[in-house]
Amino acid sequence: MAEPGARSIWLIADDYGFSPGVSDTIRALLEAERLSGTGCMTLFDDWPSEASALATIGGPFAVGMHLTLTDFPALSTGRTMPDLKRLLAKTEADAIMSEADAQLARFREAFGRDPDFIDGHQHVHFLPPVRQWLIRQFADVPSDKRPWLRGAPTLRAAPALVRGKIVVARLLARDFDAEMRRHGFNVEGPLCGFYDWRRAGAFARALDLFLDKAPNGAVVMCHPGTVDEILRDRDVFTDARNEERDALASDAFPLRLAGAGLSLRRERR
């Protein structure tokens with residue numbers, strides 16, 4: 001446990017269920033208590049087996065839903081969803097809400113409960129139709145029983161090369177935190193974890209910055225994994241996942257946390 005007054009953060013692995021190598025790695029890190037939790041992509045065919053494997057792990061880590069509205073076949077229609085630019089240019093509220101319903105239903109079917117938190121692949125949970133969906137979906141659920149939401153990004157603890165990307169994400173998240181809190185949601189954050197994953201070795205340098213500068217209560221997203229052919233077929237973010245895995249699994253990581261006076265939050269909703 002952290003000393004009174006020490007900082008604590010959520011260190012959340014995105015993309016559980018993206019590929020076997022990603023899911024296996026995240027489970028190993030959860031079992032080693034190197035993560036606060038993980039956000040699940042529930043739309044792929046092997047989701048039931050990946051969910052079952054995750055459910056067998058003991059511990060108080062958070063299991064959330066990583067809402068996915070781009071690039072892949074939709075659960076609700078079977079049609080490939082648009083890329084992020086097209087989604088932003090032509091937002092179809094009914095289609096977004098139907099797909100969000102389908103992905104949430106699949107989470108509930110697997111775990112028998114609501115997610116501990118909800119966030120979005122490519123930050124799609126900030127979109128106005130998703131905000132409306134969240135408000136509608138949980139209107140009858142007491143505030144203390146609802147999933148918490150990942151809040152807006154901060155420029156603090158941000159490598160210089162990705163600050164432009166963070167500004168764009170902040171615009172997408174404009175008024176999100178205040179709006180969702182008005183509707184009774186707990187919004188955790190601010191969001192950290194951006195770095196230039198295309199540069200070899202960038203995660204280790206960025207991790208030091210996150211640990212030193214992330215505000216108390218921040219949500220630090222990460223994307224550890226072990227690259228496999230399924231991942232290469234689905235995503236361009238590949239080799240950096242191995243680097244994240246190695247950094248978080250290393251013996252040095254707990255020592256680095258302690259040296260920063262930092263602890264990981266590990267609790268369910």
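**Exercise 1.** Which residues does Phe-210 touch, not counting residues up to four places away in sequence?

*Solution.*
Step 1. The model is a predicted one. Locate the residue: Phe-210 belongs to helix H8, which spans residues 202-213.
Step 2. List the partners: Phe-210 touches Arg-7, Ala-157, Pro-159, Gly-193, Phe-194, Tyr-195 and Val-220, with residues up to four places away in sequence left out.
Step 3. Classify the exposure. Buried means under 20% relative accessible area. Phe-210 has a relative accessible area of 1%, so Phe-210 is buried.
Step 4. Take a distance: 22 Å separates the C-alpha atom of Phe-210 from that of Val-63, and the two residues are 147 residues apart along the chain.

**Exercise 2.** State whether His-125 is buried or exposed, and describe its surroundings.

*Solution.*
Step 1. Place the residue: His-125 sits in the loop that runs between strand E4 (117-120) and helix H5 (128-137).
Step 2. Apply the cut-off of under 20% for buried residues. The relative accessible area of His-125 is 0%, so His-125 is buried.
Step 3. Find the contacts: leaving out residues up to four places away in sequence, His-125 touches Ile-118, Asp-119, Gly-120, Val-130, Arg-131, Arg-150 and Phe-176.
Step 4. Examine Arg-150 among these partners. The side chain of His-125 reaches the backbone oxygen of Arg-150 at 2.9 Å.

**Exercise 3.** Describe the largest nonpolar core and the contacts of Leu-54.

*Solution.*
Step 1. Give the size: the largest nonpolar core contains 73 residues.
Step 2. Name the residues with the most contacts inside this core: Leu-35, Leu-54, Trp-133, Leu-134, Tyr-195 and Leu-248.
Step 3. Take Leu-54 from that group. Apart from neighbours within four places in sequence, Leu-54 contacts Tyr-16, Arg-27, Leu-30, Thr-38, Cys-40, Phe-61, Val-63 and Phe-111.
Step 4. Set apart the second core, which is separate and has 13 residues, including Phe-117, Trp-148, Ala-158 and Val-162.

**Exercise 4.** Which element supplies the largest share of the lining of the largest pocket?

*Solution.*
Step 1. Begin with the volume: the largest pocket has about 930 Å³.
Step 2. Count the lining: 33 residues line the largest pocket, and Leu-84, Gln-122, His-123, Lys-165 and Trp-197 are the closest to its centre.
Step 3. Consider the elements: at least two lining residues come from each of strand E1 (7-16), helix H3 (84-89) and helix H6 (163-172). The largest share, 4 residues, is from H6.
Step 4. Sort by class: the lining has 14 nonpolar, 12 charged and 7 polar residues.

Conventions: Residues are numbered from 1 along each chain as its sequence is written. This is a predicted model: local features need pLDDT of at least 70, side-chain atom pairs count only at pLDDT 80 or more; totals for chains, interfaces and linings use all residues. Side-chain values use heavy atoms; hydrogens and water are left out. A nonpolar core is a set of buried Ala, Val, Leu, Ile, Met, Phe, Trp, Tyr and Cys residues joined through side-chain atoms within 4.5 Å. Buried means under 20% relative accessible area, exposed over 50%, partly exposed in between (1.4 Å probe, protein chains only). Contact means heavy atoms within 4.5 Å. On a 1 Å grid over the protein atoms alone, a cavity is a set of points where a 1.4 Å probe fits but cannot get out, and a pocket is an open set with protein on both sides within 12 Å along at least five of seven lines; lining residues have an atom within 4 Å of a point. Grid points are joined across faces, edges and corners, and a volume is the space filled by probe spheres set on the points. Ala, Val, Leu, Ile, Met, Phe, Trp, Tyr, Cys and Pro count as nonpolar, Asp, Glu, Lys and Arg as charged, and the others, Gly among them, as polar. A polar contact is a pair of N or O atoms within 3.5 Å; within protein, one must be able to donate a hydrogen and the other to accept it, and residues adjacent in sequence count only if both atoms are side-chain atoms.
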